[in-house]
Amino acid sequence: MAEPSFARLSLLFFGFLLIFATYSWVFGPDSGILFGTRVGKTLGSDPRVRVDHSTEKPRHPLDPLTVREIERVRTILSGYDPGFGSGSATIHSMALDEPEKRRVVKWKKGNKLPSRRAAVVAYWGGQAHEITVDLDSARVVSDLVNRTSGYPILTLNDVFAASQVPLKSVEFNRSIEARGVKFSDLVCITPFAGWFGPEEEGRRVIRVQCYTLQGTTNYFMRPLEGLYVMVDMDKLEVIKIIDKGPITIPKASGTEYRFGVQNKPVHMDPINPISMEQPDGPSFRVEDGHLVNWANWQFHIKADQRAGMIISQATVRDSETGEPRSVMYKGFPSELFVPYMDPEEGWYYKGYMDAGELGLGPTAMPLVPLNDCPRNAYYIDGVFASPDGKAIVQPNMICLFERYAGDISWRHTEILFSDADVRESRPKVTLVARMATSVGNYDYIFDWEFQTDGLIRVTVAASGMLMVKGTPYENVDDLGDKEDDAGPLISENVIGVVHDHFITFHLDMDIDGPTNNSLVKVHLEKKRVPTGKSPRKSYLKVKKYIAKTEKDAQIKLSLYDPYEFHIVNPNRKSRVGNPAGYRIIPGGNAASLLDRDDPPQIRGAFTNNQIWVTPYNRSEQYAGGILMYQSHGDDTLQVWSDRDRPIENKDIVLWYTLGFHHVPCQEDYPVMPTVAASFELKPANFFDSNPILGLAPFFDKDLPVCKPLASS
């Protein structure tokens, strides 16, 4: 048997690329100073600004940990326990331990910052430690072992090390040779294990599945089907190998997606370059790196290892008084759940929890200017900690830009006035905060879009590669009555496995303040008109119900039993007496259809409903629990909500799950066009009237003269 040295080199190279692309940093010319780059500009700034992260200081209570602070935490931890210096203790996440909410709300610019603390999740001795490090006193003030099931978020070191373990196995190497794959073309990835019982108990395990790079960079379309490996991540040993024998490897032709190597003609007329021009520059500004001001909005934005991007302290100015009014204290994607619908041996465990198992931050590559974000975008870096506690800069991870696509904010024309020309229309310009993350085969794009009328639209778009399954069949006619249960045939020897996408958002709504908020369920009830009272036979009547406890707010959406859902502050009344509020407007959605006792659904129980409301609790931020990897579902949103705590006139958190079922089709091959789902947070009696009534229209004199080409 040939020595698989090329495989080791290939895996090493692939792992290096993954880590380098994911953990990106640029060293300064002198002594390892960390820099990032912000491309784009705000008012008065250079369009391409080098940010020296080594000198940055926090200026807001919610600012993420700086490079200096991360290095200081590393020093403190090394003195606290020798394991942090020797490598026996690894850091799985490090972030700002945010100050108490009441202190953040009271803080004003110019005040002294609250004490800076770091929240660290570390793993050593087979236990997960939640550690709090006080940066002011330079000491560990808390070290608690988390007793819930599950393990901390994985590091890329975990993933890379596990992917190499199968090469130690003679049985595995023989299986690769039997498939005719060169070790130099071998790429192995690590699908997460989920949790299915005793086999996984008491040890961190992960699965390994392999592909071939031969003839393409799109290895996801060339699986080595029928070969699956389970690995012990701590011992770095093979637990078991399943080999069902060689199954036809899909062809490489037609799988390439890079523009520079495409040779397939595109049968369409070319589209000329498009760009939104702003002669006077962007209308937004970013203060101190994280505080965004635009039109009537202000909010804090930061990158996060687990959530990817967090929006905090979103306030909008009152249209009548100019008073800044709070809308949302904190919003972020709390968890993603992607279960695959194939119960066979090599696939049943594929039910990914991307945020809690790997994190949306480390997999967020630098955004591509002009394609991921338009020319007028401003970029923000992420700063994270590596497993050994060193600071890492993720450049251009978030972008901010104004969007105008010809949409209309409001309009009306009047045809009854013969002596006046009444034609009023206003353009809709919005501000978008965007990040994109590549979690394995899938790419997710997260947009928070702010409108001048007070609406916030949250969109999640998915692209990237399908997780496909190899098959000996090349045509559906070959299947007969053996059509694969896993999904449809989308190319020769390629099955697109059916799966779901669910994204659960944590939305800490603070309507005019953090206390005294309630959920009002506005029910549209059909009523029958009494005989003889009207020519009508039926109508809809609005009836409002206030949710008293958490179980009142466990909500499944239904088209045939329609509700609106408002978060209101009963202590803040409008001019005519309505409580100030915001309502959540669902977009297209899907519900999980898995049985409640199915192991993936037990862990993903936060998708049992589309809407939940819970009382604010600092420890309840991640819908699947702090320790998501191999968790048993004992620390989920479902568990918290079943406590049925009071939620009327309280500081409450709204949770919303958007989702879609995905039955793959041929157009999803070899890379999937973007598909999106969204929801909106819209004012409901928050303003006394239309807040953009006085918005100015566009005039020709305001814009550059751009004339269309003469038609031929």
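**Exercise 1. Which strands each supply at least two residues of the lining of the second largest pocket?**

Before we start, a word on ground rules. This is a predicted model, where local features need pLDDT of at least 70 and side-chain atom pairs count only at pLDDT 80 or more, while totals for chains, interfaces and linings use all residues. Residues are numbered from 1 along each chain as its sequence is written, and side-chain values use heavy atoms, with hydrogens and water left out.

*Step 1.* Get the terms straight. Strands (E, at least two residues) and helices (H or I, at least four) are DSSP runs, numbered from the N terminus. A pocket is an open set of points on a 1 Å grid over the protein atoms alone, with protein on both sides within 12 Å along at least five of seven lines; a cavity is a set where a 1.4 Å probe fits but cannot get out; lining residues have an atom within 4 Å of a point.

*Step 2.* Read off the strands: β4 (90–96), β5 (117–124), β6 (127–134), β7 (139–145), β14 (297–304), β16 (324–339), β18 and β28 (499–509).

*Step 3.* Fill in the pocket. Its volume is about 1,200 Å³, where a volume is the space filled by probe spheres set on the points, which are joined across faces, edges and corners. There are 47 lining residues, and L96, D97, E98, A119 and Q621 are the closest to the centre.

*Step 4.* Sort the lining by class: 25 nonpolar, 10 polar and 12 charged residues. Here Ala, Val, Leu, Ile, Met, Phe, Trp, Tyr, Cys and Pro count as nonpolar, Asp, Glu, Lys and Arg as charged, and the others, Gly among them, as polar.

**Exercise 2. Follow β16 and find its partners.**

*Step 1.* Start with its surroundings. 14 of the 16 residues of β16 are buried, so the strand is largely enclosed by the rest of the structure. Buried means under 20% relative accessible area, exposed over 50%, and partly exposed in between (1.4 Å probe, protein chains only).

*Step 2.* Look at β15 (residues 308–317). This strand runs antiparallel to β16 and is joined to it by 6 bridges; two strands pair if DSSP finds at least two bridges between them. V316 stands opposite R325 in β16. The hairpin of β15 and β16 has 6 residues between the strands, and G322 takes a positive phi near 80° there.

*Step 3.* Move to β28. It pairs with β16 in the antiparallel sense over 8 bridges, and D508 in β28 is the bridge partner of K330.

*Step 4.* Finish with β17 (residues 351–352), which pairs with β16 in the antiparallel sense over 2 bridges. G351 in β17 is the bridge partner of P339.

**Exercise 3. Which strands stand at the edges of the open 10-stranded sheet?**

*Step 1.* Write down the order: β18-β19-β22-β23-β24-β35-β32-β31-β29-β30, with antiparallel pairing.

*Step 2.* Check the ends. β18 (378–385) and β30 (538–546) each have a single partner strand, so one side of each is left without a neighbour in the sheet.

*Step 3.* Add the twist. Neighbouring strands here are turned by 25° against each other on average, direction ignored; axes are lines fitted to C-alpha atoms, for helices over the stretch in contact, and angles run from 0 to 180 degrees between N-to-C directions.

*Step 4.* Zoom in on one edge. β18 and β19 (residues 391–403) pair over 7 bridges, with C399 in β19 as the bridge partner of Y379.

**Exercise 4. Work out which way the residues of β33 point.**

*Step 1.* Recall the rule: in a regular strand the side chains alternate between the two faces of the sheet.

*Step 2.* Apply it to β33 (residues 611–615). I611, V613 and P615 point one way, W612 and T614 the other way, and all are buried.

*Step 3.* Find the neighbour. β33 and β34 (residues 652–662) run antiparallel, joined by 5 bridges, and T614 stands opposite V653 in β34.

**Exercise 5. What lines the second largest cavity?**

*Step 1.* Set the scene: the structure holds 6 cavities of 30 Å³ or more, and the second largest has a volume of about 50 Å³.

*Step 2.* Name the lining: G194, W195, F196, Y348, Y349, K350, G351, P599, P600 and R603. Helix α9 (residues 599–603) gives the most, with 3 residues.

*Step 3.* Split the lining by class: 6 nonpolar, 2 polar and 2 charged.
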